[in-house]
Amino acid sequence: MGHVREGTLRRMVDEPLAVPDASAGHLDGCVRCQVRHERVVEDAAATRRLLVRPRPVPDVDRAWDHLVERIQQAELAGHPAGEKVARAAHGRRRRWRVMGATVSGGAAVAVAGVVVVGAAAAATLTTVFAPTHVVPVPVGQGDLRAFTAALGLDGLGFHHGSSPAGAGPSNGGTSASGGTSATGGTSASGTRSWTYGTIQWGTPPQPLRTDSLGAAEAAAGFDLSLPGTLPSGVSGPPQFMVERAATLSVTFGANAGAALDGSTLTVTAGPAVMARYGGTGSLGDLPTLAVLTMERPTATSTGATVGELESFVLSQPGVPKDLAQDIRALGDLQTALPVPIPPGASETSVTIAGSPGVLLTEAGGVASGAIWEDHHGVVRTVAGLLDQEDVLGVARQLG
Amino acid sequence: MGMEARLRKGPAPVGAMATSAGFERFFRAQYPVVVRIAWGVVRDAHLAEDVAQDVMIAAERRFSGLDGYGCDHAAAWVRVAAVHLGLNAVRGQQRRDHRHRRVRSAGPVATPEELFIDREAEGQVREALGRLPLHSATVLLLRHSGLSYAEVAEAMGVKVGHVGTMLRRAEAALRKEVARGTRA
């Protein structure tokens with residue numbers, strides 16, 4: 001066998017019986033590993049000296065009384081205790097726990113794409129858009145294309161690392177500027193004249209692909225937790241794909257009508273992280289599970305109201321009538337995140353950890369996915385080559 | 001006395017907490033562990049208990065209604081939360097200074113010189129921990145608070161096999177940070 005890994009050498013210090021015999025045997029006969037082992041032992045001992053001290057033993061009865069008192073006082077004051085703390089408790093910005101589920105990579109990417117597209121579509125419709133729950137919207141195969149075409153947005157093509165220059169409406173003048181992302185990718189941004197005003201965008205750099213949890217967290221700007229136990233047929237560690245936040249601003253001109261003229265709508269989506277797991281046995285590297293975590297999209301407007309934006313978008317010739325009706329039926333667009341349901345897919349409304357969610361199964365029943373927004377404003381998707389029960393079982397562990 | 005009975009004593013209307021029959025059991029089992037972990041970060045018994053209280057209140061909000069206090073997820077969550085909130089407390093200079101004015105050593109009684117040296121060293125360790133990446137500080141504090149590799153893995157949501165590697169790197173990084181702080 002090769003040399004013993006550093007992590008194994010470290011575990012030998014604390015839990016020697018948990019280390020494979022082969023590693024212990026190798027160490028006995030390998031001078032190089034023995035030298036490394038000595039360094040590991042030295043660092044471990046030094047750390048122990050720094051960190052280990054006599055610990056306080058709390059009075060649990062007194063602590064319990066104090067806790068009850070605090071909660072009572074907070075409820076009396078109308079400020080539930082722990083609201084702020086809950087956000088801080090799992091990270092400098094926010095800690096999100098991601099558990100695994102099982103999905104094919106292709107299906108997962110498709111479901112993730114559906115969420116992002118849905119978010120973008122919804123964001124276009126709102127003044128101050130901060131969705132708190134997901135709502136299913138049946139979408140025909142050509143609906144989204146027709147929807148964007150009706151608004152003259154279909155040619156913009158906001159692809160990674162490329163500006164939409166030259167691909168947009170015929171009446172547009174374009175300028176673009178580049179930049180460098182923290183991870184070395186290219187970031188493009190630009191401005192385009194549009195039939196109904198001006199569009200400005202910041203295209204995020206290429207998504208980061210890594211197998212390092214730390215690198216994924218650093219790129220996303222939030223912490224992730226991964227499941228300790230994976231469903232049968234799924235193997236870790238996962239590969240991560242990190243999408244950075246993207247921003248799009250639309251400033252409406254006179255063509256958009258008096259109600260919208262001069263208003264600016266700014267939509268922000270992301271960052272998002274997808275953790276993708278492989279299979280076991282004969283499935284090998286076949287992706288079997290993906291878990292997508294993203295900050296909820298938001299939109300702000302400097303003038304136009306939600307109703308005015310909705311009327312403008314849905315009244316455009318070419319917007320499918322059924323889709324327009326379904327969107328109108330959503331009710332309060334400020335708090336609803338539409339989840340497009342592709343043709344043939346079955347959809348069920350479910351409750352996941354107290355939040356409304358949508359459970360999807362593709363027409364053949366091979367893949368399923370669940371989408372919901374949790375109480376912390378995190379939009380989560382769990383999808384894979386699993387049946388509904390498995391997906392739901394995993395989703396409900398995420399909270 | 002159960003939680004519901006305790007809450008009924010007060011005049012306030014009670015919320016979800018009163019319906020969470022398992023929370024008191026969960027609290028009593030996890031609170032000492034959370035205090036121990038928090039103390040590893042803040043190095044002050046009083047502040048460690050403050051952090052632990054905040055963590056448990058946040059846990060009550062997060063898990064109430066789920067009836068999930070018996071599950072490993074809730075226990076894992078409060079342990080990592082103790083590290084994160086502890087580090088936040090350390091980074092909050094104003095609060096730290098305030099606490100320092102009434103700090104009481106959790107260890108045995110020492111001479112003033114020893115206390116001074118201890119506090120200096122404790123401060124350096126706190127600062128070094130605060131400069132480490134969050135996941136490095138977390139793995140160090142969880143492991144050196146006495147959690148097994150399996151418990152650390154569960155708390156951090158990683159494979160058990162990764163804990164050794166993370167710990168190894170974190171220990172080397174901590175030594176460097178402490179040395180840097182000592183030279184500065």
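Reader: What percentage of the 399 residues in chain A do buried residues make up?
Author: The model is a predicted one, and in it chain A has 11 helices and 18 strands. Among the contacts of chain A between residues at least 6 apart in sequence, 67% join residues at least 24 apart. Of the 399 residues in this chain, the share that counts as buried is 44%.

Reader: And for chain B, how many of the 184 residues, as a percentage, count as buried?
Author: Chain B has 10 helices and zero strands, and its pattern along the sequence is accordingly written α-α-α-α-α-α-α-α-α-α. Residues 24 or more positions apart account for 68% of its contacts with a separation of 6 or more. Of its 184 residues, the part that counts as buried is 50%.

Reader: Is A:Leu292 buried or exposed?
Author: A:Leu292 lies in strand E12 of chain A, which covers residues 289-295. A residue needs 20 or more other C-beta atoms within 10 Å to pass as buried. Because A:Leu292 has 27 C-beta neighbours inside 10 Å, it counts as buried.

Reader: How far apart in space are A:Leu292 and A:Val382, C-alpha to C-alpha?
Author: E12(A) pairs with E18(A) in the antiparallel sense, over seven bridges, and within this pairing A:Val291 stands opposite A:Val382. Although A:Leu292 and A:Val382 are 90 residues apart in sequence, their C-alpha to C-alpha distance is 6.5 Å.

Reader: Why is strand E18 of chain A described as largely enclosed by the rest of the structure?
Author: In a regular strand the side chains alternate between the two faces of the sheet. From E18(A), A:Val378, A:Arg380, A:Val382 and A:Gly384 point one way, while A:Val379, A:Thr381 and A:Ala383 point the other way, and all are buried. The strand is therefore largely enclosed, the number of its seven residues that are buried being seven.

Reader: Which residue in the turn between E17(A) and E18(A) has a positive phi?
Author: Strand E17 of chain A, residues 368-373, runs antiparallel to E18(A) and is joined to it by six bridges, with A:Glu373 having A:Val379 as its bridge partner. The two strands form a hairpin with four residues between them, and the turn residue with a positive phi, of about 75°, is A:Gly377.

Reader: Within what arc do the buried residues of H3(A) fall, seen down the axis?
Author: Helix H3 of chain A, residues 31-51, has 21 residues and reaches 30 Å from its first C-alpha to its last, close to the 30 Å expected at 1.5 Å a residue. Its buried residues are A:Cys33, A:Val40, A:Asp43, A:Ala44, A:Thr47 and A:Leu50. They line one face of the helix, because the arc within which they fall is 120°.

Reader: Which residues are exposed on the other side of H3(A)?
Author: An α-helix has 3.6 residues a turn, so residues three or four places apart point the same way. On the side of H3(A) away from its buried face, the exposed residues are A:Val31, A:Val35, A:Glu38, A:Glu42, A:Ala45 and A:Arg49.

Reader: Which helix gives the most to the largest nonpolar core?
Author: The largest nonpolar core has 105 residues, and B:Val34, B:Ala38 and B:Ala82 are among those with the most contacts inside it. With 12 residues, the helix that gives the most to this core is the one spanning residues 72-91 of chain B, H5.

Key: Residues are numbered from 1 along each chain as its sequence is written. Chains are lettered from A and ligands numbered from 1 in the order in which they are written. This is a predicted model: local features need pLDDT of at least 70, side-chain atom pairs count only at pLDDT 80 or more; totals for chains, interfaces and linings use all residues. A residue is buried if 20 or more other C-beta atoms lie within 10 Å of its own, exposed if 12 or fewer, and partly exposed in between; C-beta atoms are placed from the backbone. The expected span of a helix is 1.5 Å times one less than its number of residues. The arc is that of the directions from the helix axis to the C-beta atoms. Two strands pair if DSSP finds at least two bridges between them. A nonpolar core is a set of buried Ala, Val, Leu, Ile, Met, Phe, Trp, Tyr and Cys residues joined through C-beta atoms within 7 Å. Two residues are in contact if their C-beta atoms, placed from the backbone, lie within 7 Å.
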